[in-house]
Amino acid sequence: QQLAAKFGASRVSVRNALASLEKQGYLYKIKGKGTFVAPVGDGKKDSFRFALILPTPESNFNRDILSGVHAFCKNTDSDFITLYAWQSPEEERKCIELCFRLNIFCILLMPVDNPENESYIRSLDRSVVKLVFIDRRFGGNTFPLVSSDNFDIGYSAAKHLIEKGHKRVAFYLTTVQSSSVKERIRGYKQA
């Protein structure tokens, strides 16, 4: 009941989470006494634990990222949790803080398209928090980034077409609401 109240989850969800942690060897039960955290160095292979925070589950791009992380974890016997910020800077910050309460300090973050959390993220202690941005990041931060370089893609594509003798080159953007729209459009225009 305390865990359900603390994390705003149902008792069934908490029971399922605890059962999963027990199955993975992180917890053990003693009948009549309770549930306990498994001791470190019990011979079990250490599992890399991290969080994946995405702005929304509704994008095919985000689902592809989730599938890739899941495949990595399956191949390396690792585990992770997925949290969604629902395109809200406030929810994004809550997700990060939830990770800290769960003692998860390795975070893959695709930020919401709103710079409201820039100073908060810059204030995170890099010696404690291992954060990697996915696809976009706030200007001026020094956390690592995993992304396709959209500027380079636009530049290289235009250069290739011009070198092939094309006199008129156009790029068609399917949406103006994709991630990092301003950066992508700027890259295409410059290219």
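## Parallel sheet

Two bridges' worth of pairing opens this account: strand 6 and strand 7 pair in the parallel sense over 2 bridges. Within this pairing, Phe 133 has Leu 145 of strand 7 as its bridge partner, and Ile 134 is matched with Val 146 of strand 7. The model described here is a predicted one.

Strand 5 and strand 6 also run parallel, and 4 bridges join them. Leu 109 has its bridge partner in strand 6, namely Phe 133. Phe 133 is thus named in two pairings, with Leu 109 and with Leu 145. These strands belong to an open sheet of 5 strands with parallel pairing and the order 4-3-5-6-7. Strand 4 and strand 7 (145–146) have a single partner strand each and stand at the edges, so one side of each lacks a neighbour in the sheet.

## Overall architecture

The protein chain holds 7 helices and 7 strands. Read from the N terminus, its elements follow the order α-α-β-β-β-α-β-α-β-α-β-β-α-α. Of the 191 residues in the protein chain, 29% are buried. When contacts between residues at least 6 apart in sequence are considered, 49% join residues at least 24 apart.

## Antiparallel hairpin

Strand 1 (residues 27–30) and strand 2 (residues 34–37) run antiparallel and are joined by 4 bridges. Lys 29 is paired with Thr 35 of strand 2 as its bridge partner. The hairpin formed by strand 1 and strand 2 has 3 residues between the strands, and Gly 32 in this hairpin takes a positive phi near 85°.

## Helix 3

Helix 3 comprises 17 residues (residues 60–76); at 1.5 Å a residue it should span 24 Å, and its end C-alpha atoms are 24 Å apart, which agrees. Its buried residues are Asn 62, Ile 65, Val 69 and Cys 73. Viewed down the axis of helix 3, these buried residues fall within an arc of 70°, so they line one face of the helix.

The partners of this buried face are strand 3, strand 4, strand 5 and strand 6 (130–134), against which the buried residues of helix 3 pack. The face turned away from the buried side carries the exposed residues Asn 60, Asp 64, Lys 74 and Asn 75.

## Helix 4

Helix 4 comprises 13 residues (residues 89–101), which at 1.5 Å a residue should span 18 Å; the end C-alpha atoms are 19 Å apart, in agreement with that expectation. Pro 89, Glu 92, Cys 95, Ile 96, Cys 99 and Phe 100 are the buried residues of helix 4. Seen down the axis of helix 4, they fall within an arc of 145°, so they line one face of the helix. The buried residues of helix 4 pack against strand 3, strand 4, strand 5 (106–109) and helix 5 (118–122).

Arg 101 is found in helix 4 and is partly exposed, with a relative accessible area of 47%. The C-alpha atom of Arg 101 is separated by 9.6 Å from that of Phe 7, although the two residues are 94 apart along the chain. Helix 4 is followed by Asn 103, whose phi is positive, near 60°.

## Aromatic and charge–ring interactions

A search of the whole structure finds 4 aromatic pairs. One of them is formed by Phe 50 and Phe 80, whose ring centres are 5.7 Å apart and whose planes lie at 15°, so the pair is stacked. Phe 50 lies in strand 3 (residues 49–54) and Phe 80 in strand 4 (residues 79–84), so the pair ties together parts that are 30 residues apart in sequence. Both Phe 50 and Phe 80 are buried.

Another pair consists of Tyr 84 and Trp 86: the ring centres are 5.8 Å apart and the planes are at 50°, so this pair is tilted. Tyr 84 counts as partly exposed, at 22% relative accessibility. A charged group also meets a ring elsewhere in the model, where the charged end of Arg 126 sits over the ring of Phe 143, 5.1 Å from its centre.

Technical notes
Residues numbered from 1 in each chain as written. Predicted model: local features only at pLDDT ≥ 70, side-chain atom pairs only at ≥ 80, totals over all residues. Heavy atoms only, no water. Phe/Tyr/Trp six-rings, centres within 6.5 Å; stacked < 30°, edge-to-face > 60°. Buried < 20%, exposed > 50% of the residue type's maximum accessible area, 1.4 Å probe, protein only. Lys NZ or Arg CZ within 6 Å of the ring centre and 35° of its normal. Pairing = 2+ DSSP bridges. Expected span 1.5 Å × (residues − 1). Arc of directions from axis to C-beta. Contact = heavy atoms within 4.5 Å.
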